[in-house]
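Biologist: I have the sequence and the model open side by side, and I would like a close look at how the helices pack. Could you walk me through that part, and then on to whatever else you find worth showing?

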Amino acid sequence: MKFFRIVLLILLFISNLVALSVSSNDNYKVYRSDKFTIIYTDQYKKEATFFKENLNDFFKHNDKSFGYSFDEPIKIVLISNKLQIPNAFSTPIPYNMGVYFNGGSSMSEYFSMDSWLITLFTHEMIHNYQMNAKKSKISQTLHKYLGNNYAPIWAGLPFFTIPNIYLPTALIEGDAVLNESIYNNGGRLYNGRFNALKNSLVFGNKIDPTTFINDHINFPYTNEKYIVGGFYMQYLSSKYGIDRVNSLFYNNSIHSINPFLLNNTFRNTFNISFKQSVRDFVHYTKNRYKSYKELPKDNIIVKSKAKIELSKIDNNIYFITTNLVNKKQLNIYDIDTNRVQIVDTKLKNGKIFKIDNKLYSKGSDFISSTQYKFGLFDKDNYPLKSTIGKSIEDIHNNHIAYVDIKSSFLTSKLFIDDRYYSKVNSSALFDKNGDIYYFKQIKDKRVLYKNKTKLYSFKGYYSKLIDIVDNVDNSVYFIANSKNGATIYRYEDGNIYRLNSSDNIINGKIIDKNNALVVSVTKDGYDVQKIRLDQDLDSSIAIYDIDIENNFEFNRDIKSDIQGDRYNELKELEFSSLYPSYTYDSQKGSSYLLNAIFIDPIMFNMLNLYIYKDQDDRIEGLNYINERYIPFNISLNHQDTKDNTKQREVYGSAKIYAPIYQKGRDRLDINLKKYYDQDNTDKEPTFLSLDYTTKQNFPLEFDPYLDSDLGVVIKEDRGDITFGVSYMLTKHIYNEFYISTDLKYIKSDTDNLKDDRGVKVISDILDKEVDSSDLYVEGIDYDFYVKDISKVSLGLSKTLYFNHYFSTFPISLRRESIFTSYSYFRSDSIKQRFFSESILGVKLDLLVVHKFSLPLSIKLIKNELSKDDYKFTITAGVEF
């Protein structure tokens, strides 16, 4: 039975990796064709038509390049404007699909793109081609009868349906970045900022086969896999051609029993090992960019591990720096005194604006339990109402220039004071007179505009507008490509001037005509420093040529229409996968589990059907989740057992749950749950719980910077009322030392503790009856019931960074945390009214098969109620 619970929990967890994560309860429509399905709302009818008109031609082009065709129709979901997330994802699970969000339309400079939708189209569709490849007859057969399963099917040996999901992230994302850059829409390979980043890492000896293959937690983190991976795949394409590079994924999918034979795939595809190809790429880069020049580190003011946006306000320059772990600081550089004031801040890491003497930063976040929006946010993470749904570019004399996210999915649109102004492909800035400056992408040229007048143009896809200096001709300062990276330029009197010889300048603000405060990218992060500007340099802006022949052209002149049917989540429930598993125990015999998953493409609802059998029990069951309107979960099971005294015919539960408030860093959740048991109608408890949480997180934290959870639970069971209250807090103290406390009090008004009445104290965290009215105590040997119990716990932990990465061995160590805790319990229902528990342990952040994080906790536990002096435990949890 424990095997059943463990395997079913894992399967349910895997099925929920993408399930129910993109829901927004708008009125969606569905359009079906032989090779694809498009799901959209009326507001994105034009974008859906764009997909309809281009997908079949895109398939023909890439079927040839990747060497195969999809084995099932692809599903494209255009999520409504309620979720303005600057991202998208493609996945073979629950089936071949892509989910697209509109939020990246404000990031034209970052992606060096003309259209956000086309960038997503190419990048994410390439992921579909990478992941769904099945050259092996074994994988093809498994998919035909069982669907796409994430985990291997075990039959003496592991058999993988989709082996390419285990490929290194650098290959997967690098190839997608390469392909996004060859469709006349720009792409990150045209961006000098990223060329500088790649060169800094290479010349800083930060790129080798071991680093490249592992998802490490060193700068520039996952971004390295996209950027360095993209340039690496471009290098391979320059040697072997884009079609052979893309064929790598189909060739690798032959490995349905051992998907980790990467060197075999490389030798069969390129006649070279993976490691040697990385070394060759590093050598090639050092030779081609040997004149790459970094800014001297003479006048560094501050450093940061995240990108820095600069704002000039009241003769000061504002910006935020962070180590991404436990510190975020607001920096205020005084232009007159050349001094910087540094204070801790809770503001988002974005461009700073000052409105009514209050600071805000540009970003995106949940503004309610159902809406994720762009806007300006204060230090408490509350949005400024008038900016919701807007990517603010500049504010001058109460005039606001912004990219309207809702209308910019296909083409980014600049608005001024709620009126459409122009297409835009860069940041936009006002001068002192209220004139607006910005760049447009017109075919393969960047065109600088003042209001609606063209000032200058040059070939390329990247430029970042950084400052307008008010003088007779209003000098325009911007970042653009140099031969080896990016640097600072000035437009004045119809001419372009390069202002520094370095190749790693990626942002800046002008102090005066001879000096600037700039941001440079290095192998370790971002530096802010004051530099002197030089005007006697070569003024030409470098042109990047990807040099890959691609004769595919998107049809952007859409004149047709799309007519879809109303989307019904029950009607759209489709089979995803069937997972069989078997285990044998010398004492308990054989155990079988068969689990089927059905889900709709928007992931509004999901159905699990399962059957389990061992020598003692047989269980058939279902679990249904629906999150379209009011989220609910229904579970129903039928169980037969050889032990007639424990026979249970039908049992299950119904649960309603929802965040009823979410704003800033605060969230309130409600849960109402009812159990049903046909064989024990007396014990059918009902639970009501409320949880109020406050969180403040950093991207690279190992323990939460701040996590506060106040909970209340009420349970009714056979006339007995149980009431519980809890408070848990984890807080960063200093230098990655964390303190935690866990306070609980649970009391039942039951008169006796027979027949499982009262408060359950449990020893097994996998117990299916676990909920917030129970109390889990790690060190005890068995479960028992009490009328009341209280807990006071205090813990301390420290994150360390002893790490070691392997290029071949499948497990690496990224970091670790040592921790200790002491818990004190009191209950008047047990003979020993007081008992304590002490824990000493270490939590390891393991990296499995180079890409999956596996937290592994090793604990030494001493509990006064245990018969053993000490208990030694090892627990693991998987994070994707």
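Modeller: Happy to, and please keep in mind that this is a predicted model. Let's start with helices α11 (residues 262–270) and α12 (residues 274–288), which pack with their axes 8 Å apart and at an angle of about 65°. With that angle, α11 is roughly perpendicular to α12. On the α11 side the contact is made by Leu262, Asn263 and Phe266, and on the α12 side by Phe274, Lys275 and Ser277. Sorted by class, these contact residues come out as three nonpolar, two polar and one charged.

From α11 you can step to helix α10 (residues 242–252). Its buried residues are Ile242, Val245, Asn246, Ser247, Leu248, Phe249 and Asn252. The cover over them includes α11, together with α2, α4, α6 (169–180) and α9 (223–240).

Two of those covering helices, α2 and α4, also pack against each other, so to speak as a second example for you. Helix α2 spans residues 45–66 and helix α4 residues 116–131; their axes lie 11 Å apart at an angle of about 40°. The two helices are therefore oblique to each other, and α2 passes α4 in a right-handed crossing. From α2, the contact draws on Glu47, Phe50, Phe51, Asn54, Leu55, Phe58, Phe59, Asn62, Asp63 and Phe66, while α4 brings in Leu117, Ile118, Phe121, Thr122, Met125, Ile126, Tyr129 and Gln130. By class, that contact has twelve nonpolar, four polar and two charged residues.

If you would like one residue to zoom in on here, try Phe59, which is found in α2. Phe59 counts as buried because its relative accessibility is 3%, and the cut-off for buried is under 20%. Leaving aside residues up to four places away in sequence, Phe59 touches Lys35, Phe36, Phe70, Ile74, Met125 and Tyr129. Take Tyr129 from that list: Phe59 and Tyr129 are 70 residues apart in sequence, yet their C-alpha atoms are 9.6 Å apart in space.

Now for the strands. Four of them form an open sheet in the order β24-β25-β26-β27, with antiparallel pairing. At the edges stand β24 (463–469) and β27 (495–498); each has a single partner strand, so one side of each is left without a neighbour in the sheet. On average, and ignoring direction, neighbouring strands in this sheet are turned by 30° against each other.

The edge strand β27 pairs with β26 (residues 486–492) in the antiparallel sense, over four bridges. Two bridge pairs are easy to pick out on screen: Glu492 has Asn495 of β27 as its bridge partner, and Tyr489 has Arg498 of β27. Between β26 and β27, which form a hairpin, there are two residues, and Asp493 in the turn has a positive phi of about 55°.

Last, look along β27 itself. In a regular strand the side chains alternate between the two faces of the sheet. In β27, Ile496 and Arg498 point to one face and are buried, whereas Asn495 and Tyr497 point to the other and are not buried.

Conventions: Residues numbered from 1 in each chain as written. Predicted model: local features only at pLDDT ≥ 70, side-chain atom pairs only at ≥ 80, totals over all residues. Heavy atoms only, no water. Axes fitted to C-alpha atoms, helices over the stretch in contact; angles between N-to-C directions. Parallel < 35°, antiparallel > 145°, perpendicular 65-115°, else oblique. Contact = heavy atoms within 4.5 Å. Nonpolar A, V, L, I, M, F, W, Y, C, P; charged D, E, K, R; others polar. Pairing = 2+ DSSP bridges. Left-handed = near helix turned anticlockwise from the far one by under 90°. Buried < 20%, exposed > 50% of the residue type's maximum accessible area, 1.4 Å probe, protein only.
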